[in-house]
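This report describes the nonpolar cores of a protein model and then the sheet and helices around them.

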Amino acid sequence: MLMPIPEGISMVEAAALPEAFATAYLNLFIEGGAKEGMTFLMHAGASGLASVVIPMAKAFGLRVITTVLSKEIAESIKHLGADIVVDTSKENIADVLKREEENGHPLNLAIDCLGSDKVGECFPYVAYGCRWIMIATLAGDISPVNMRTMYVKNIRLIGSTLRSKSVEVKGQILSSLVNDIWPKVESGEVRPTVFAVMPITDAEKAHNLLEQGISVGKVVLTIPGRE
C-alpha cells in the first residue's frame with residue numbers, strides 16, 4: 001500500500017495524491033477502459049476528484065466535458081484544461097450531449113458523482129458501448145432510465161467505489177499509479193490542485209469549507225512542525 005512520493009512534489013501535494021489519484025485511475029482505466037480520442041464526461045468539475053481526473057484524462061488524449069454550478073466556478077477551473085465546461089445553471093447537460101452527438105462527438109465514457117434524473121436524460125445521446133460509471137449520487141439516488149435505449153446502444157451502467165475494494169486490488173491500483181501516472185506527475189502533465197492548507201487543529205473549519213461547496217481541489221491538513 002506504500003508509494004514513493006513523485007519527484008518534485010511537496011509533502012502537502014503528496015497528501016492530496018493517494019485516494020483521488022487511485023479513484024481516478026480505477027474509474028478511468030480499469031472500469032472505464034479510457035483510450036485516446038474518447039469523449040469523456042466528468043461531473044462536478046470543481047471537486048477534488050475532478051481536479052485530478054480532468055488533467056489525467058487530457059494527458060492520455062481524451063476529449064473532456066465537465067459540469068459546474070456557475071460562471072465563476074467555470075473560470076476557477078480553466079487551468080484543468082477541460083475542452084467543454086458546462087454551466088448547469090444555464091444549460092442542461094443532456095442538451096449539450098445531444099449537440100455533441102450531432103456534431104460527431106458522442107459520449108464514450110462518464111464518471112458521475114451526481115446521479116439524479118439527469119442520468120436517464122443523457123442516455124439517448126451517448127455513443128454505442130458507452131460506459132457510465134456511478135461513484136456517488138450527491139444530486140439524487142433515483143433516475144428513470146429507458147431500458148430499450150440501454151440495450152440498443154449497449155450502454156454499460158457501472159457502480160464503482162474504491163473503498164470497497166480488497167487490499168490486494170488497492171495494492172494493484174497503487175502499483176499501476178506509480179508505473180503509469182507518476183511519470184506524468186513528475187513531468188507536470190498531471191498535478192494535484194490544492195485549494196487550501198490548514199492546521200489539523202482546524203479540521204472542523206476544513207470540513208465546513210468542503211460543505212460550502214466552494215473549494216476547487218483538495219483541502220489539506222498539516223501537523224504543525226511536520227510540513
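The largest nonpolar core holds 43 residues, of which F21, L28, F40, M56 and I181 touch the most other members. The model is predicted: local features need pLDDT of at least 70, side-chain atom pairs count only at pLDDT 80 or more, and totals for chains, interfaces and linings use all residues. Residues are numbered from 1 along each chain as its sequence is written, and side-chain values use heavy atoms, without hydrogens and water.

A nonpolar core is a set of buried Ala, Val, Leu, Ile, Met, Phe, Trp, Tyr and Cys residues joined through side-chain atoms within 4.5 Å; buried means under 20% relative accessible area with a 1.4 Å probe, protein chains only. Two or more residues of this core come from each of α2, β1, α3, β2, β4 and α8 (167-187), and α2 gives the largest share, 8 residues. Helices (H or I, at least four residues) and strands (E, at least two) are DSSP runs, numbered from the N terminus.

An open sheet of 6 strands follows the order β3-β2-β1-β4-β5-β6 with parallel pairing, where pairing requires at least two DSSP bridges between two strands. Its edge strands are β3 (84-87) and β6 (156-159), each pairing on one side only.

Two helices contact strands (heavy atoms within 4.5 Å); angles, from 0 to 180 degrees, are between N-to-C directions of axes fitted to C-alpha atoms, for helices over the stretch in contact.

| Helix | Strands contacted | Angle |
|---|---|---|
| α2 (residues 18-31) | β1, β4 (107-112), β5 (126-134), β6 | about 150° to β5 |
| α3 (residues 50-59) | β1, β2, β4 | about 170° with β1 |

Methods: Buried means under 20% relative accessible area, exposed over 50%, partly exposed in between (1.4 Å probe, protein chains only).
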